[in-house]
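Biologist: I'd like to learn how to read domains and contacts in a model like this. Can we go through them together?

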Amino acid sequence: MAEPVIVCKGLSKIYDTLEGGTVRALDRIALEIREGELLAVVGPSGCGKSTLLKIFAGLLPKSEGEVSLRGTPVAGPRRDIGVVFQDAVMLPWRTVLDNAMLPADVQDLDRAAYLPRALALLDLVGLKGFEGKYPFELSGGMQQRVAITRALVHDPAVLLMDEPFGALDAMTREQMNLELQRIWLESRKTVLFITHSIPEAVFLGDRVVVMTPRPGRIAEVIEVGHPRPRSLEIMATPEFGRRTAHIRQLLNAGGAID
Amino acid sequence: MKAAEVLRFITRDPGRAIRLRPEIVLIPLVFVLMVGGWEAVVRGLGVSQLILPAPSSIVFALFQGFSNGLLWHGFLVTLQEIILGYVLAAVSAFLLGALISQVRIVEATFYPYIVAFQTLPKIAIAPILLIWVGFGMASKVVIAALVAFFPILVNTIVGLKSTSPDKIDLMRSLAASRWKIFRLVQLPEALPYIFAGLNVGIVLAVLGAIVGEFVGAKAGLGYLILQMNFDMDISGMFAVLVILGLMGIAFHLLVAGIRRRVIFWQKDNANLP
């Protein structure tokens, strides 16, 4: 097996409360993200899954433990990471293409060298012909496709996705799950996908990490054996139902769902 | 709507244009009625020219003032004072605002002073400035700049600090430098606020220049108003007021036009004056 992309050991995040106490948001997390896999993390709100992603992205400092990406410790923001947030976070004064090219402008990369890559990625996410449009001319789902392009354009080691489809309506969301699978199958990027939807995690993930809150812990890591490409119909199979039921049980046992 | 669009809208089908937008007839109609009524009242009741001149006398005074060069010269002097003062205010307020928004310790130290200074009526400093900078154009430029400075400064600071945390997170996730975050996100996000400040600033710059001339000057429209007041030339004073009014409208349209071009992505642009 190839070297893991992200390795974290004994990772904890402790916040100080206003009353002078402390809250453990993450409790001794041990996790490896393998090269080229799509790893889904599922858990209810407050289980620290977004905190985990922000620590991986270098946006938040950790309290204890170790995190490394491709063998070097994560100590702050770095160039070899792409993040997709829940909101598309478009810059409204930039065209679709210029939004996608943002990493090149931020990191002073050679625009001419990255332009063909941005155009190819926009084509891959199904936005060919929209390069010159502005974000306010696009739907929410299309904006999120631009955000995915932007997160991939500088060819990061890992793509971190923080509930990227949480703000979309249910039908667009299913469509985006299919799209993401297709994009992932073509690009073979290592992806960490955070969600609070159990079916979404099982549908997308090679493995699903189940997290329970207070303090945020990993309850179980489940291997999902469904062959690719998966169609939406697999959600109706008994095997899929068993997996989601099992995860729901884990979350219930942890007192995660009130 | 842009002027050219309005014109096309009216000329294509005048009847329909008036039905959909009656104000395109009503606005000029109100003007004609007001000016006509004014003329009729002044002439009909025989109101003294020393109290309220008829519109025709004001037009005559305008014509005369421009043909003998008096109004034209005053206009040029005041225009220069306003533009120089305004540009000085805009540039210095933007630079200081950028510094304050980026460096926390500068903000923490100086913001209380800025708030305190803002409450001071700047016009009251005008006589002192006259002593320091002299009777020439420079003192009026400084007063105009001083009055226009604070709204631009405060709006710049608020605008630069109003960037959504999402966008900052996005930039940080790409390992952006502070300069890149400022240049690529904070500055464009602040533009609507900065333009709101610029819009208030231009009105205040006109005010500052005129009041500065009232306090002491050798030329300019404010100086002319005082001279004409002394000579009981009421029609002339009204002529100057007309010029000041037209100047104010022109400045406002200029700033609004630049704003529309710069902040093209804001949909609510249409609702702005």
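Biologist: How many Å separate the centres of domain 1 of chain A and domain 2 of chain A?

Modeller: Keep in mind that this is a predicted model. Taken over C-alpha atoms, those two centres are 25 Å apart.

Biologist: And which stretches of chain A make up each domain?

Modeller: A domain can be written as more than one stretch, and here's a case: domain 1 of chain A covers 6–80 + 157–253, while domain 2 is 92–156.

Biologist: How many residues does each domain of chain A put into the contact?

Modeller: To read a contact, count residues on each side, using C-beta atoms within 7 Å. Here domain 1 of chain A gives 17 residues and domain 2 of chain A gives twelve. On the domain 1 side, β7 (158–162) and α6 (170–187) of chain A each bring at least two residues. The largest share there, seven residues, belongs to α6(A).

Biologist: What classes of residue are on that domain 1 side?

Modeller: Nine are nonpolar, three polar and five charged on the side of domain 1 of chain A that touches domain 2.

Biologist: Now the two chains. How many residues does each one put into the contact?

Modeller: Same reading, one level up. Chain B contributes 16 residues and chain A contributes 19. On chain B's side, α9 (165–173) and α10 (178–215) each supply at least two residues, and α9(B) has the largest share, with seven residues.

Biologist: And which classes turn up on chain B's side?

Modeller: Where chain B touches chain A, its side has nine nonpolar residues, six charged and one polar.

Note on methods: Residues numbered from 1 in each chain as written. Chains lettered and ligands numbered in written order. Predicted model: local features only at pLDDT ≥ 70, side-chain atom pairs only at ≥ 80, totals over all residues. Contact = placed C-beta atoms within 7 Å. Helix = DSSP H or I, 4+ residues; strand = E, 2+ residues; numbered from the N terminus. Nonpolar A, V, L, I, M, F, W, Y, C, P; charged D, E, K, R; others polar. Domains from an automatic or database assignment.
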